Amino acid sequence: MHDLNYLLLVSRWIHLSAAILAIGGAAFMLLALLPSAKSTLDDEAHQRLREAVRKRWAPWVHTCIALLLITGATNFLILALPPRIKPMPYHAIFGVKFLMALGIFFLATALVGRSPGFATLRENSRTWLGAILLLAAIIVLLSGLLSQVRLSSQPQNGDAPSVSAVTRKMPAAEPTMIAASIMSHRPSRCRWPGATMRMAGRRTLLAKPTAHATSHTAAQHV
Ligand code: HEM
């Protein structure tokens with residue numbers, strides 16, 4: 001069996017499921033529920049339905065936001081910290097995605113909330129649900145871009161140990177050693193199963209992989 005990273009597998013599964021549930025719910029409301037309620041119900045019944053839906057949907061929205069933040073941070077820590085990838089342009093694109101996600105979280109929380117300050121926002125729920133869906137579409141595009149940028153910014157053809165090899169087998173002392181090397185700008189060598197890593201100031205080179213690393217590249221695993 002391949003050297004799987006189960007934490008990453010579960011984290012991505014929950015991340016995608018939460019995104020599908022939250023964005024799918026918003027799409028259903030904008031495209032089906034709102035127009036149907038408007039064309040079939042009088043104002044009073046519409047208000048009652050709106051309140052009933054809000055009450056039931058709010059806990060799901062809050063749970064999805066919490067899950068997206070937790071699993072998103074987990075994905076980032078496993079996949080996107082140097083020396084596993086070059087920070088640019090990955091971190092810049094990630095910053096844009098993160099800000100857009102915060103925008104969605106704000107709008108979604110305001111729409112399912114009861115704060116009088118956001119009453120006007122709830123009265124124009126069609127517009128703001130549309131904004132949520134537009135932002136979500138861009139975020140999904142950016143997420144695909146992140147994945148491609150990450151794969152293309154990794155060392156080529158077996159020069160890197162797998163993500164799982166790094167996260168599970170890298171000795172605890174290694175980050176300290178890397179940090180010390182970066183701080184002092186002095187070249188040093190450190191070793192983990194699968195690769196020898198040479199640090200020269202801020203530049204990190206992966207060299208002379210062992211047989212273990214050659215057969216398991218990060219690109220094959222994520
Ligand atoms: C509305 C909110 C969000 C949506 C719709 C969304 C959607 C996605 C999708 C579709 C993927 C691709 C999953 C895969 O390839 O397995 C992804 C990956 C990812 N997401 Fe999110 N996400 C959202 C929020 C967040 C947040 C808040 C964070 C950070 C805290 C985050 C961090 C990440 C990371 C690091 C990845 C991995 C990208 C890579 O492959 O390099 N996401 N997200």
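Me: What makes the shell around the ligand 16 nonpolar, five polar and two charged residues?

Reply: Happy to unpack that! Ala, Val, Leu, Ile, Met, Phe, Trp, Tyr, Cys and Pro count as nonpolar, Asp, Glu, Lys and Arg as charged, and the others, Gly among them, as polar; sorted by class, the shell comes to 16, five and two. This is a predicted model, where local features need pLDDT (the predictor's confidence in each residue, from 0 to 100) of at least 70, side-chain atom pairs count only at pLDDT 80 or more, and totals for chains, interfaces and linings use all residues. Residues are numbered from 1 along each chain as its sequence is written.

Me: Which residues of the shell are closest to the ligand?

Reply: The closest are A19, G72, N75, S143 and S147, and 23 residues surround the ligand. A residue counts as near if its C-beta atom, placed from the backbone, lies within 6 Å of the molecule.

Me: Why is V10 called exposed?

Reply: V10 has 12 other C-beta atoms within 10 Å. Exposed means 12 or fewer, buried 20 or more, and partly exposed in between, with C-beta atoms placed from the backbone, so V10 is exposed.

Me: Which residues of α2 are buried?

Reply: They are V61, C64, T71, N75 and L79. Helices are DSSP runs of H or I, at least four residues, numbered from the N terminus.

Me: What makes W57 a bend in α2?

Reply: A bend is the angle between axes fitted to the seven residues ending at a residue and the seven starting there. At W57 that angle is about 35 degrees, and a proline, P59, follows within four residues.

Technical notes
Helix = DSSP H or I, 4+ residues; strand = E, 2+ residues; numbered from the N terminus.
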